[in-house]
Amino acid sequence: MRKYIICLFLLVGSASVYAQSKPLLAVTAITANGVSEADATACRSIVETALFKTDLYTVLSYNDMQEILEAQAFSLSGCTDDSCAIEVGKLLAAEIIVLGELSAVGSTYNLAVRMIDVGTSRTVGAEVVTFSSLDEMQEQVFSASYKLAGLDYNPETGVSFEVVGEIYVTAPDDLELEVFLDGESVGITPLLIENVVFGSHLVEVKSEDNVFTKEITILSKDIVEIEADIKLLTGNVILTVIPKEAAGYEITIGDFSAKKGLNKAVPAGTKQIHVEGDGWFYIDDVEIESGVTTRLTIELIPGGYLEILGTEGAAAKAVNKDGELIQLKANSTNTLAAGSYKVTVSHPDYKDTVIDVEIVRDETLRIEQELEYTEEYLIREEIAELSLKLEGAKKSTAFWKGCSWIFGSITAVSASVAAAGEYMIWSATDELTELAPLYDAATTQAEVDRLGAAITAEEDNIFIWREFRDTSLYIGAPAAGFTLISVLLAGREASIERKIEKLQGALNEE
């Protein structure tokens, strides 16, 4: 019995080492149905040998199994159903068990084999082969065993291709975390990892402050789903604060509220340690290592408060007596070590406000930004105002030009008509000049009537053509006015543009 117990620990121990890269597998039984027990035993041996040759598993031999089980007062005899086989797998510390049945129907033999994951009690593979004689058994059983392992078997060349599985990794709260497979980065969650070869693998899900680690075994072509239950990376910090009489302050390490002495489960990483309160002040960076206890002594210095009131968008900075630059926040209360500082409050639209201040322990000093516009701001404002005027001038110019274009054709026609009227007036006037002496010299009433009618007709013509001319000129006059207005507006537009260009040049010089 002692020998068997020693054997048990040696076998299981060695199997657990191999399982780091290969799952531990046991072929528990091939039962006989219409065939001899000898044939079923031979079939079981072939299955065992075939699975060993796949090089995907650490295979326990039948003798090894018997010795381990006998040491635990358990017998394989009669153990043919799934529940018993799974119990045997647990006693053997196997991850996978294989069982099956060899049967005969007439002159035909059938072998049905199944692969079961001991941890989940789930069937992860099943194959059935048929052969006509026991002489064909080895080739067919090898084929079924290889397919069970996710491989195709060629009796001449061996394995022809490998079937692989997949892993689907998610993180809680839809976090996007980096995923590592066997130490190599493969993507960001949620992530489907394809083409994962059969066997054991290490899956790690990491962020700057969190980590999840799990060893998994790919036993079939099914997708293995993993939800990363991430754990916060933490370390411990032992804080010593001097001077010892200091009190009334608060200590933070990043977002972690700390205290003097031992602080457990402090988030790992580079954190800012900040001490403030009751006139004491300290700020620095500290590196917290995961799983490591860090000892840190912090020496507090007297501190006061500087409140800066500035316009929105203002920035502030201070320079201490040693010339060190300290960035401050405007419209906020800043904590500074006691001492002398030159504080500058700046804003793009105003001249810098520079003030010498003295920070006193546990006292608040308030300063306010002086609002005196810079020359650049005033120039920008004038440019903006002129730009609005220029936009209006361009719209007005475009309107009056449009009017002049519309009435331009009318002006041309009117001018032609007015010229024709003027010509007709001149002709009628000339005719009157010739008729007047003849009318005065007429001696008969008939001649007087004839010449009088001719003179009246010419006078009527002069009146008509004069009205026609004047009307044409009246119609054409607005178009000329529109043109004049558009010319004047265009000049104003050009004048504004010149002013803007001049101001822009002055702004660039600034």
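Student: What handedness does the disulfide of cysteine 79 and cysteine 84 have?
Tutor: Keep in mind that this is a predicted model. Cysteine 79 and cysteine 84 are joined with their sulfurs 2.0 Å apart. The torsion about that S-S bond is about -125°, so the disulfide is left-handed.

Student: How many disulfides does the structure hold?
Tutor: A disulfide is a covalent bond between the sulfur atoms of two cysteines. Here one joins cysteine 79 to cysteine 84, while cysteine 43 counts as buried at 0% relative accessibility. The total for the structure is 1 disulfide.

Student: Are cysteine 79 and cysteine 84 buried or exposed?
Tutor: To be called buried, a residue needs under 20% relative accessible area. Cysteine 84 shows up among the residues of α4 that meet this. Cysteine 79 goes with it, so to speak, and the word for each of the two is buried.

Student: Which residues of α4 are buried, and what do they pack against?
Tutor: Helix α4 covers residues 82-91. Its buried residues are Cys84, Ala85, Ile86, Val88 and Gly89. What they pack against is β1 (24-33), α3 (62-71), β3 and β4.

Student: Which residue with a positive phi follows α4?
Tutor: Look in the loop between α4 (82-91) and β3 (96-105). The residue there has phi of about 60° although it is not a glycine, and it counts as partly exposed at 40% relative accessibility. It is alanine 93.

Student: Where does serine 121 sit, and what is its phi near?
Tutor: Serine 121 is in the loop between β4 (108-117) and β5 (122-131). At 41% relative accessibility, serine 121 counts as partly exposed. Its phi is positive, in a residue other than glycine, and the value is near 60°.

Student: What is omega near for the peptide bond from threonine 189 to proline 190?
Tutor: Start with the place: proline 190 is in the loop between β10 (184-188) and β11 (191-196). The peptide bond from threonine 189 to this proline is cis, and its omega is near -5°.

Student: Which proline has a cis peptide bond from isoleucine 242?
Tutor: Go to the loop between β16 (234-242) and β17 (250-253). The bond from isoleucine 242 has omega near 0°, and the residue it leads to is proline 243.

Student: Why does histidine 347 count as buried?
Tutor: Histidine 347 is in strand β27, which runs over residues 339-347. The cut-off for buried is under 20% relative accessible area. Histidine 347 falls below it, so it counts as buried, with a relative accessibility of 13%.

Student: What backbone atom does the side chain of histidine 347 reach at 2.9 Å?
Tutor: Leaving out residues up to four places away in sequence, histidine 347 touches Thr311, Glu312, Gly313, Ala314, Asp352 and Gln369. A polar atom of its side chain also lies 3.0 Å from the backbone nitrogen of aspartate 349. As for the 2.9 Å contact, the partner is the backbone oxygen of glutamate 312.

Student: Which residues share a nonpolar surface patch with Tyr168?
Tutor: Tyrosine 168 lies in strand β8 (residues 165-170). At 33% relative accessibility, tyrosine 168 counts as partly exposed. The patch has about 250 Å² of accessible area together, and the partners of Tyr168 in it are Leu192 and Ile223.

Key: Residues are numbered from 1 along each chain as its sequence is written. This is a predicted model: local features need pLDDT of at least 70, side-chain atom pairs count only at pLDDT 80 or more; totals for chains, interfaces and linings use all residues. Side-chain values use heavy atoms; hydrogens and water are left out. Patches are made of residues with over 30% relative accessible area and no salt bridge: like charges are joined within 9 Å, nonpolar side chains (Val, Leu, Ile, Met, Phe, Trp, Tyr) within 5 Å. Accessible areas come from the Shrake-Rupley method with a 1.4 Å probe; for residues, only the protein chains shown count as cover. A salt bridge is a side-chain nitrogen of Lys or Arg within 4 Å of a carboxyl oxygen of Asp or Glu. Helices (H or I, at least four residues) and strands (E, at least two) are DSSP runs, numbered from the N terminus. Buried means under 20% relative accessible area, exposed over 50%, partly exposed in between (1.4 Å probe, protein chains only). A polar contact is a pair of N or O atoms within 3.5 Å; within protein, one must be able to donate a hydrogen and the other to accept it, and residues adjacent in sequence count only if both atoms are side-chain atoms. Contact means heavy atoms within 4.5 Å. A disulfide is a pair of cysteine sulfur atoms within 2.5 Å.
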